[in-house]
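Trainee: I should be grateful for a close look at a single residue, with its setting explained in full.

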Amino acid sequence: MVEPGPTPTDPGETPTTPEDHVRRAIARLLLLAGVGCAVAGALLLTVLAPPGTLTAGVRPAAGSVAVVTTPGLLELSGPAATVRASAEDGRDVFVGVTTARDARAWLGEAARTEVTGVAGDLDEPLARTGAQGSGAAADPRAADVWLASADGPGSAELTWDTTSDEALDAAGGAVAVVTTDGTAAAPQQVELTWRLTGDAARHPVAVPLAAGGAVLAVLGAVGLLLHRRRPARGSRPPARPARQETR
Amino acid sequence: MRPPRTTRARATTPAAARATTRAAALAACAAVLVLPACAELPAVTAPAAAAGERTALVVQPAQAARIAEAATAALGAAGDPAATDLDALAARVTGPELDLRRAAATVAAAGVAPPAAGADDLDAISSVLPRQDGWPRWFLTVTEPGEDSKPSVVVLRSPSAREPYRVWGTPSLLPGASLPTTGAPADGAAVVGPDEDTNLPMSPRAVAERYADVLLHGDDSEFADRFTADAYRSSVVSSAQEQTGALEAAGGSLTQERDLLDDSVVAVRTRDGGALVVAGYRSSVTARGPAGGRPGTLQDVAAALAGRDGDVTSVTTVLEEVVVFAVPPGDGQVSAVAVQSGPVSVEAS
């Protein structure tokens with residue numbers, strides 16, 4: 001019986017060097033970082049994406065007979081802004097959009113709450129407001145200053161397309177006015193909603209993160225393929241025993 | 001004995017890989033947790049000032065169409081003069097138009113066919129939208145031909161931001177006349193002040209006052225040649241001459257007065273540099289029979305407005321008129337292009 005002896009080294013195989021280990025470590029790092037970035041980017045684009053709409057609630061100041069938005073607020077984001085208002089006591093609610101110039105003329109010195117912007121963060125936006133004026137306005141339904149309007153018992157909703165218009169800009173831009181009959185207290189629940197677009201609609205680094213992560217992952221995978229670990233000499237499977245011949 | 005380098009490398013690589021994995025995982029988690037918080041709220045951007053800082057239109061074209069619809073609805077509800085709710089009509093009608101429709105309602109209530117009223121359907125084929133700040137404001141719409149087969153120029157006015165536009169007058173185009181071209185509705189038209197005569201033969205107020213003089217004095221007016229001949233001028237002058245001749249021949253008399261209605265003169269610049277002027281008048285014509293003469297009778301419409309029809313020796317008819325003028329640039333003749341006229345009251349004794 002012949003004992004199997006050590007198999008001679010394959011003449012075409014180069015031995016594993018320390019540099020190979022470093023390269024493989026770098027490739028692993030690239031792969032892991034790439035996968036991490038790609039996953040992070042994908043999450044930011046999906047489940048962790050900012051909300052699709054932005055809704056800010058407005059509480060009219062005591063004594064206000066109207067809520068009015070500052071010029072430019074309706075164009076905060078997206079192609080349209082929706083104004084919803086409701087009165088707890090079921091009174092008729094009026095929502096109108098007019099030019100800033102005509103809103104000033106219609107309001108005169110009337111007590112109003114002006115919405116000047118939105119603060120906080122995307123998940124919990126807060127309307128910035130200020131109170132001005134004193135006294136009453138007039139029934140808005142009698143006026144012809146409205147570019148669009150909606151009214152109804154207890155609540156009203158109006159969606160305004162915020163397309164830029166030179167004629168509107170010449171009059172100071174479009175603003176929304178919310179009131180009841182112009183003399184009683186303004187509706188207590190007023191909401192402004194925009195559809196988020198641009199940087200507000202998705203995180204600005206989400207796409208670069210996902211794309212960059214994918215590139216890194218591919219580079220890492222390629223690196224690992226090019227520098228595959230070769231089996232160590234001592235770990236080769238034993239050679240098939242030589243056939244013993246008996247004469 | 002020092003282990004082979006390959007053996008040492010194999011011993012350290014798993015630790016480095018684990019460290020790398022941990023670092024990458026931590027970085028990814030940190031990015032996922034931190035980056036969403038970096039998304040910012042959009043900021044309010046004030047509308048850019050319009051190029052050239054042009055004065056804004058009194059109403060946007062779509063707004064003008066909606067106002068015309070509301071006025072049409074009010075006028076449509078008052079289609080039958082005998083059943084007109086004058087209070088409801090006053091919500092959308094004012095000035096000479098309201099006075100003329102009140103008179104028509106009075107005449108109809110007496111069982112007499114009233115004079116033709118102005119346009120009821122304000123389906124606009126064009127609008128003239130002045131560029132103007134502040135109030136009072138006005139604008140014009142030109143409607144399809146109505147019952148009289150003539151397009152009407154509907155004058156709408158709003159005294160304040162809290163009050164609606166109301167139909168102030170609906171003069172119809174005179175035969176052969178056409179309105180001067182103004183800017184497209186979306187472009188608007190520059191307002192010409194009542195006393196402004198830049199590049200005009202006379203100011204809008206002078207146009208209105210001098211045309212009134214021409215209507216009173218005919219060709220004897222010193223301003224007769226400053227205006228082109230028109231059908232309304234011809235009919236008013238010839239009618240007055242005939243009545244005057246008849247009354248004077250019988251020993252009676254005919255006297256006329258014509259005054260501009262308050263704040264009735266408005267104007268915009270036309271595309272050729274001239275102006276489109278609107279003016280309103282209240283005129284009174286008093287016919288007196290000869291002293292001691294036989295009392296006469298009134299025609300149906302006058303009798304309905306006067307509330308009597310016989311034993312009349314003196315009659316004063318008050319009319320209201322709305323006239324639209326085309327004023328050329330430079331020094332040409334002014335033309336009356338659209339007119340509305342009718343009696344609003346009659347006093348008889």
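Mentor: The account below begins with one residue of chain B and then turns to chain A. This is a predicted model, in which local features need pLDDT of at least 70, side-chain atom pairs count only at pLDDT 80 or more, and totals for chains, interfaces and linings use all residues. Residues are numbered from 1 along each chain as its sequence is written, while chains are lettered from A and ligands numbered from 1 in the order in which they are written.

B:Val312 sits in the loop that joins α7 (300-306) to β11 (314-327) of chain B; helices (H or I, at least four residues) and strands (E, at least two) are DSSP runs, numbered from the N terminus. B:Val312 counts as buried because 20 other C-beta atoms lie within 10 Å; the term requires 20 or more such atoms within 10 Å of the residue's own, with C-beta atoms placed from the backbone. Leaving aside residues up to four places away in sequence, B:Val312 touches B:Pro295, B:Gly296, B:Thr297, B:Leu298 and B:Ala348, a contact being two C-beta atoms, placed from the backbone, within 7 Å. B:Arg258, 54 residues from B:Val312 along the chain, has its C-alpha atom 23 Å from that of B:Val312.

Chain A contains four helices and 10 strands, in the order α-β-β-β-β-α-β-β-β-β-α-β-β-α along the sequence. Of its 247 residues, 42% are buried. Among contacts in chain A with a separation of 6 or more, 86% link residues 24 or more positions apart. An automatic or database domain assignment divides chain A into domain 1 (18-46 + 203-229) and domain 2 (53-200). The centres of these two domains, taken over C-alpha atoms, are 49 Å apart.

Terms used:
A residue is buried if 20 or more other C-beta atoms lie within 10 Å of its own, exposed if 12 or fewer, and partly exposed in between; C-beta atoms are placed from the backbone.
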